[in-house]
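This report describes a protein for a reader who meets it here for the first time. The sequence and the structure are shown below.

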Amino acid sequence: MQYKSYFVKQQKYLLRLVVWLCLSGLYLPQLQAQFDVTQATYVPGNPFSVGAQETNPEGIAFSNDGRRMFVVGYASDAVSQYELSTPFDIATASFTPATNNPFSIANQSIYPTDIAFSSDGHKMFIVEADDEVNQYELSTAFDITTASFTPATNNPFLGATQGASAPSGITFSSDGRKMFIVDASDEVRQYELSTAFDITTASFTPAANNPF
């Protein structure tokens, strides 16, 4: 258990450091092998700073086609949306201010730590350090200018009641039936969603390696 916690903690801090460096315009890694951060190399000359919109970036996500990038942070308590002329290439990113861009989440979140989207881009999820996940509806896929929040039972989803402590990352299975949250206790928790990508239907069942 001690070695597992150390590994998870180090991986979490490494990934958060890479995200911070990328969003601060200091570092852009390139992977020699797909999805293998141990093969990452630095590509000079491709910094992109989000400092004009967010000075404490915490989470990042992309649209499925890679032509939009989203950044959330706790300095502004907002999500900023960027256009990429070349998919998944932040060297081609640009920001255009608009109504709801940045999109304020201050009424729901005071310390957002990560962001995720449903596979169809019509739902956005923000996890925050006070043990909550908030779900937003987007009438246009992957367009935060069309986002809205509707309070409901389990929206926000209170992870604290399920054992999570100061969550710092969130992701979903491809079918949206499972949600995964990593937290300050150096653990990953798996939640079941009876309706895909709908946190109001989320539940946690303790099991061997859950939390991991």
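R189 is buried, with a relative accessible area of 8%; buried means under 20% relative accessible area, exposed means over 50%, and partly exposed lies in between, for a 1.4 Å probe and protein chains only. Salt bridges that share partners join R189 with D183 and E187 into one network. A salt bridge is counted when a side-chain nitrogen of Lys or Arg is within 4 Å of a carboxyl oxygen of Asp or Glu. D183 is buried as well, its relative accessible area being 0%.

The model is predicted: local features need pLDDT of at least 70 and side-chain atom pairs count only at pLDDT 80 or more, while totals for chains, interfaces and linings use all residues. Residues are numbered from 1 along each chain as its sequence is written, and side-chain values use heavy atoms, with hydrogens and water left out.

**Salt bridges**

The whole structure holds four salt bridges. The table gives three, among them the two that involve R189.

| Salt bridge | N to O distance |
|---|---|
| D183 and R189 | 2.8 Å |
| E192 and K178 | 3.0 Å |
| R189 and E187 | 3.1 Å |

Side chains of opposite charge can pair when their charged atoms come close. In the salt bridge between E192 and K178, the closest N and O atoms are 3.0 Å apart. E192 belongs to strand β15 (residues 188-193) and K178 to strand β14 (residues 178-183), so this pair ties together parts that are 14 residues apart in sequence. Both partners are partly exposed: E192 has a relative accessibility of 31%, and K178 has a relative accessible area of 28%.

**A buried charge without a partner**

Which side chain of opposite charge is nearest to E132? It is R189, 16 Å away, and E132 is buried yet has no salt bridge. For this purpose Lys and Arg count as positive and Asp and Glu as negative, whereas His and the chain ends are not counted. E132 is placed in strand β10 (residues 132-138). Leaving aside residues up to four places away in sequence, E132 touches Q108, I126, V127, P156, F157 and L158; a contact means heavy atoms within 4.5 Å.

**Backbone features**

P156, one of the residues touched by E132, follows a cis peptide bond that joins N155 and P156, with omega about 10°. P156 is located in the loop between β11 (147-149) and β12 (157-158). The loop between β11 and β12 also holds N154, whose phi is near 70°, a positive value in a residue other than glycine. N154 is partly exposed, with a relative accessible area of 28%.

Another cis peptide bond runs from N101 to P102, with omega near 5°. P102 lies in the loop between β6 (93-94) and β7. D131 has a positive phi of about 75° although D131 is not a glycine. This residue sits in the loop between β9 (123-128) and β10, and D131 counts as buried at 16% relative accessibility.

**Overall architecture and surface**

The secondary structure of the protein comprises one helix and 16 strands. Helices (H or I, at least four residues) and strands (E, at least two) are DSSP runs, numbered from the N terminus. Of the 212 residues in the protein, 42% are buried. Among contacts between residues at least 6 apart in sequence, 41% join residues at least 24 apart.

The protein has an accessible surface of about 10500 Å², and 55% of this surface belongs to carbon and sulfur atoms. Accessible areas come from the Shrake-Rupley method with a 1.4 Å probe, and for residues only the protein chains shown count as cover. Y74, I110 and Y111 make a nonpolar surface patch of about 290 Å². Patches are made of residues with over 30% relative accessible area and no salt bridge; like charges are joined within 9 Å, and nonpolar side chains (Val, Leu, Ile, Met, Phe, Trp, Tyr) within 5 Å. Within this patch, Y111 is partly exposed, with a relative accessible area of 37%, and Y111 is found in the loop between β7 (103-104) and β8 (112-117).

**Confidence**

The average pLDDT of the protein is 84, and 80% of the residues score at least 70; pLDDT is the predictor's confidence in each residue, from 0 to 100. Over residues 1-15 the pLDDT stays under 50, and the model has twelve contacts for them beyond four places in sequence. Residues 17-24 also have pLDDT below 50, and this stretch has 22 contacts in the model beyond near neighbours in sequence.
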